[in-house]
Amino acid sequence: MNKMRTIFVLDAGALFTLLLLQLLGLDYYVMIVFEDTWYSRYPNVLFVVLNIVLTLLFYHTFVNCYKEYKYERNKRTANAVQSKTKYPVYLNCITWISYVVLLFSKIVLIFSNGVVSLVGNYDFMGPQMLKLLIGISGILFYLLVSAECVGRQVDRERWPTNSWIIEIFDSVEMLSIVISTTAKIGYIEYLIYATALLNFMLPLWILYSVSQPDIDTKPMGLPQPVCYNFLHLMLIQMPFLAVRLYMWFVFSENASIFMMKNILHLIFFLHSMYPYLKDISMKNQYSPDNHVDEAEPEILLTNRRYKEPINVL
């Protein structure tokens with residue numbers, strides 16, 4: 001067994017151990033919701049089946065990564081190159097979407113039925129363990145991205161993986177507001193669910209980019225990093241900050257240190273806008289793939305020459 005295969009096996013073992021621990025742990029809380037109902041067995045059976053399907057998706061994703069690794073290795077060493085894997089290119093994205101949908105189905109079911117009030121604060125399977133189980137998602141995301149980067153022989157440092165793990169932990173801390181407060185927060189609870197779900201879904205950008213490692217070498221018609229950071233700022237960071245300030249001033253809840261992260265994200269976005277736009281402008285205008293001469297530059301974000309007319313839709 002070579003070194004890379006050992007890494008794949010160890011990463012896969014860690015991922016499946018944590019995945020099953022999280023899914024089965026959350027199923028325990030779901031079981032508490034329906035334990036006194038005549039139909040209690042049906043949700044449990046449904047989630048067991050979905051757990052198996054999700055585990056198989058993760059398994060095939062890791063198999064796909066390993067096959068990609070062997071293909072890239074053989075291509076670089078001039079060995080007999082096998083045909084590329086027949087798995088979908090974006091299998092990692094499909095797996096993560098399925099995982100997030102199943103995870104949040106359990107979270108909303110657990111939180112909205114007040115399961116936390118049915119367990120003691122000092123019980124082993126109490127509110128603290130519930131938050132830890134949800135926080136496992138950050139480690140799962142790291143292992144998934146790591147497997148993709150090793151499989152496609154790309155540098156993981158090209159993508160902000162570590163920062164997105166912090167974002168996932170931020171979502172877990174935001175969800176903990178629902179189970180820690182005794183006040184009736186009304187629609188704020190659903191706003192927390194929606195923004196946390198979006199925050200779990202946005203890492204698809206990283207998985208998509210890893211699936212297409214040459215995406216940065218192509219001329220981009222739109223400023224992808226700027227647009228992405230702007231959407232993340234408006235859809236995630238600002239709502240998170242607003243909810244935390246609202247809970248602090250209206251319900252006198254403890255202020256979270258993650259408020260500083262939300263504010264810093266705004267500052268980072270403003271500081272990073274100009275370099276991104278300048279870099280994208282140079283790529284669009286003088287990319288060798290476009291065969292554009294500096295004497296006749298293209299107009300930014302349109303990919304047309306200076307004297308060419310604009311097509312009106």
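In the predicted model, helix 3 passes helix 7 in a right-handed crossing. The angle between helix 3 and helix 7 is about 160 degrees, and their axes lie 8 Å apart. Because angles over 145 degrees count as roughly antiparallel, helix 3 is roughly antiparallel to helix 7. On the side of helix 3, the contact is formed by Asn-92, Cys-93, Trp-96 and Ile-97, and on the side of helix 7 by Leu-204, Leu-207, Tyr-208 and Ser-211. Sorted by class, the residues of this contact comprise six nonpolar and two polar residues, with no charged residues.

Helix 7 spans residues 204-211, and six of its eight residues are buried, so the helix is largely enclosed by the rest of the structure. The buried residues of helix 7 are Leu-204, Ile-206, Leu-207, Ser-209, Val-210 and Ser-211. Among them, Leu-204, Leu-207 and Ser-211 also take part in the contact with helix 3.

Helix 3 (residues 91-112) also packs against helix 6 (residues 187-201), at an angle of about 160 degrees and with the axes 10 Å apart. Helix 3 and helix 6 are therefore roughly antiparallel to each other. The crossing of helix 3 with helix 6 is right-handed. Helix 3 contributes Trp-96, Ile-97, Val-100, Val-101, Leu-103, Phe-104, Val-108, Phe-111 and Ser-112 to this contact, while helix 6 contributes Glu-189, Tyr-193, Ala-196, Leu-197, Phe-200 and Met-201. By class, the residues of the contact of helix 3 with helix 6 are 13 nonpolar, one polar and one charged. Trp-96 and Ile-97 of helix 3 appear both in this contact and in the contact with helix 7.

Val-100 offers a view of the contact with helix 6 at the level of a single residue. Val-100 belongs to helix 3, and with a relative accessibility of 0% it counts as buried, because the buried class covers values under 20%. When neighbours within four places in sequence are left aside, Val-100 is in contact with Leu-197, Phe-200 and Met-201. These three residues are among those that helix 6 brings to its contact with helix 3. Val-100 and Leu-198 are 98 residues apart along the chain, yet their C-alpha atoms are separated by 9.8 Å.

Helix 1 (residues 3-34) is another packing partner of helix 3, with an angle of about 30 degrees and axes 9 Å apart. In this pair, helix 1 passes helix 3 in a left-handed crossing. From helix 1, the residues in contact are Leu-19, Gln-22, Leu-23, Leu-26, Asp-27, Tyr-29, Val-30, Val-33 and Phe-34; from helix 3, they are Tyr-99, Leu-102, Leu-103, Lys-106, Leu-109 and Ile-110. The contact of helix 1 with helix 3 is made up of twelve nonpolar, one polar and two charged residues. Leu-103 of helix 3 is shared by the contact with helix 1 and the contact with helix 6.

Two further residues were examined for their surroundings. Leu-191 lies in helix 6, and its relative accessibility of 34% makes it partly exposed. The C-alpha atoms of Leu-191 and Val-243 are 8.5 Å apart, although 52 residues separate the two in sequence. Phe-251 is located in helix 8 (residues 224-251), and with a relative accessibility of 25% it likewise counts as partly exposed. Residues up to four places away in sequence not being counted, Phe-251 touches Ala-183, Lys-184, Ile-185 and Tyr-246. Of these, Lys-184 is 67 residues from Phe-251 in sequence and 9.4 Å from it in space, C-alpha to C-alpha.

Turning to the protein as a whole, the structure contains nine helices and two strands. In order from the N terminus, the elements run α-α-α-α-α-α-α-α-α-β-β. Of the 313 residues in the protein, 45% are buried. Among contacts with a separation of 6 or more, 76% join residues 24 or more positions apart. The protein exposes about 17200 Å², and carbon and sulfur atoms supply 65% of this area.

Methods. Residues numbered from 1 in each chain as written. Predicted model: local features only at pLDDT ≥ 70, side-chain atom pairs only at ≥ 80, totals over all residues. Heavy atoms only, no water. Axes fitted to C-alpha atoms, helices over the stretch in contact; angles between N-to-C directions. Helix = DSSP H or I, 4+ residues; strand = E, 2+ residues; numbered from the N terminus. Parallel < 35°, antiparallel > 145°, perpendicular 65-115°, else oblique. Left-handed = near helix turned anticlockwise from the far one by under 90°. Contact = heavy atoms within 4.5 Å. Nonpolar A, V, L, I, M, F, W, Y, C, P; charged D, E, K, R; others polar. Buried < 20%, exposed > 50% of the residue type's maximum accessible area, 1.4 Å probe, protein only. Areas by Shrake-Rupley, 256 points an atom, 1.4 Å probe, with all protein chains shown as cover.
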